[in-house]
Amino acid sequence: MACRVDFNKKSIVFITGASKGIGRTIAVELSRNLDQNSIFVLIARSETGLEETKSQILEVDKSITVQTYVMDLSKSDLDDYNRVFDKVLSSVDTAGIEFGLIFHNAGHVGTLKQTTDLTDLKAWREYYDLNLFSVALLNNAFIKHVRPIAPQLLVVNITSLCGRSPTVNLAMYGSAKAARELFFKVLAVEEPKVIVLNYSPGPVDTEMFESIIKDAQSEVLKKSFEEVKKSTVLTTTQTIHLVYAMSPLIFLLKLGWDCRYRLPLLITIGFMLLDVRMQLDINVQTRRIPRRRALNQGLHHPGDGNDNDDVSDDRSDDSWTTIEEDEEAIY
Ligand SMILES: NC(=O)c1ccc[n+]([C@@H]2O[C@H](COP(=O)([O-])OP(=O)(O)OC[C@H]3O[C@@H](n4cnc5c(N)ncnc54)[C@H](OP(=O)(O)O)[C@@H]3O)[C@@H](O)[C@H]2O)c1
């Protein structure tokens, strides 16, 4: 089902990593557009960060409901997520909700060392707990709890180019992003009614970006991030506005994807109909190709004794004939 996300509708929105950076901006910018009765659920570890995001949302619109949940997503399990959804859904008015949205945004850049130095299994496990396993389980809880109350679900996975192309020192980060992207691609195939997006925000000026410049083992990586910071780095607002700008394009792409079987069929039927019409036209044309008698009669040379010279200028209906008449004339 193709569906354009209408941000004016009453929605329930879950955002992980909403205490700062891109997550905070997603929350505040969305609050400018959503229906006033919408509900925001913000998740991260920092209570003060979440409270700051909440107050920024309420500055935009005081009638929006905002709930904050302090959670370490690297240590939570499915029961914790189910408890959050139960608590939220039992404490808000869910009537009239049209969209259920979740932004899987929380993330960490991981250990910034070359692959052969990534030997700490505990670090690997903690990293994947936060950046892959928690995302999968939280998403499952979201679908289970929010599907019954929201006719349309939208799942946004914040991903990165580093999950597609190899970048030195970013094996931990990139491999988790790659796995996450594929997880959501499978979700999209399995759940065609859910809108699933993988959004790569580009280089954005946040604490995570700074930490790469500060902590990377590779001088080349540090230098390239420093260069980007001086030139093309985006602000969090710029990257979130890009999502809005892309919304119609996303809609068209989704429509095209949804119609991938129907569209070629419709085009084929269209061409078949056109072909029948063309054949009809050709039949009609071959039966009634207008030809001037003068062409046949022109076999007689002017001035050869026949009085046909004036026929060439005769535009009356009698001067035109059908093929059949023509054929009779010839044979
Ligand atoms: N910045 C970029 O250039 C860039 C580029 C491509 C993709 N991204 C992606 O964008 C997303 C946001 O990154 P950002 O740049 O905005 O980074 P950021 O400013 O460092 O924010 C990261 C967010 O994740 C939360 N978080 C981290 N560990 C957590 C945990 N264990 N449990 C719960 N929450 C946790 C943080 O909150 P607490 O610390 O309060 O827990 C914070 O709200 C990430 O997925 C990142 O991979 C960023």
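In the predicted model, helix H4 lies across strands E1, E4 and E5 and runs at about 175° to E4. Helix H4 spans residues 121-146 and, together with E4 and E5, makes a right-handed β-α-β unit. Within this unit, E4 and E5 (residues 152-158) pair in the parallel sense over 6 bridges. One of the residues involved is His 104, whose bridge partner in E5 is Asn 157.

Strand E4 also pairs with strand E1. Strand E1 covers residues 11-16, and its pairing with E4 is parallel, over 5 bridges. Here Phe 14 has Ile 102 of E4 as its bridge partner.

The burial of E4 was examined residue by residue. Strand E4 comprises residues 99-104 and is mostly covered, with 6 of its 6 residues buried. Phe 99, Leu 101 and Phe 103 point one way from the strand, whereas Gly 100, Ile 102 and His 104 point the other way. Residues of both sets are buried. Two residues of the second set thus recur in the pairing described above: Ile 102 as the bridge partner of Phe 14, and His 104 as that of Asn 157.

The pairings of E4 belong to a wider arrangement. An open sheet is formed by 6 strands in the order E3-E2-E1-E4-E5-E6, with parallel pairing. Strand E3 (65-70) and strand E6 (195-199) are the edge strands, each pairing on one side only. On average, neighbouring strands of this sheet are turned by 15° against each other, direction ignored. Towards the E3 edge, strand E2 (residues 39-44) and E3 pair in the parallel sense over 6 bridges. In this pair, Tyr 69 of E3 is the bridge partner of Ile 43.

The surroundings of the ligand were considered next. There are 29 residues around the ligand, and those that come nearest are Gly 17, Gly 21, Arg 45, Ser 46 and Gly 107. By class, the shell has 12 nonpolar, 13 polar and 4 charged residues. Two helices contribute to this shell: helix H1 (21-31) and helix H6 (207-215) each supply at least two of its residues. Gly 21, one of the nearest residues, lies within the residue range of H1, which runs over 21-31.

Notes: Residues numbered from 1 in each chain as written. Predicted model: local features only at pLDDT ≥ 70, side-chain atom pairs only at ≥ 80, totals over all residues. Near = placed C-beta within 6 Å. Helix = DSSP H or I, 4+ residues; strand = E, 2+ residues; numbered from the N terminus. Nonpolar A, V, L, I, M, F, W, Y, C, P; charged D, E, K, R; others polar. Buried ≥ 20, exposed ≤ 12 C-beta atoms within 10 Å, placed from the backbone. Pairing = 2+ DSSP bridges. Right-handed = clockwise from strand over helix to strand, strands pointing away. Axes fitted to C-alpha atoms, helices over the stretch in contact; angles between N-to-C directions. Contact = placed C-beta atoms within 7 Å.
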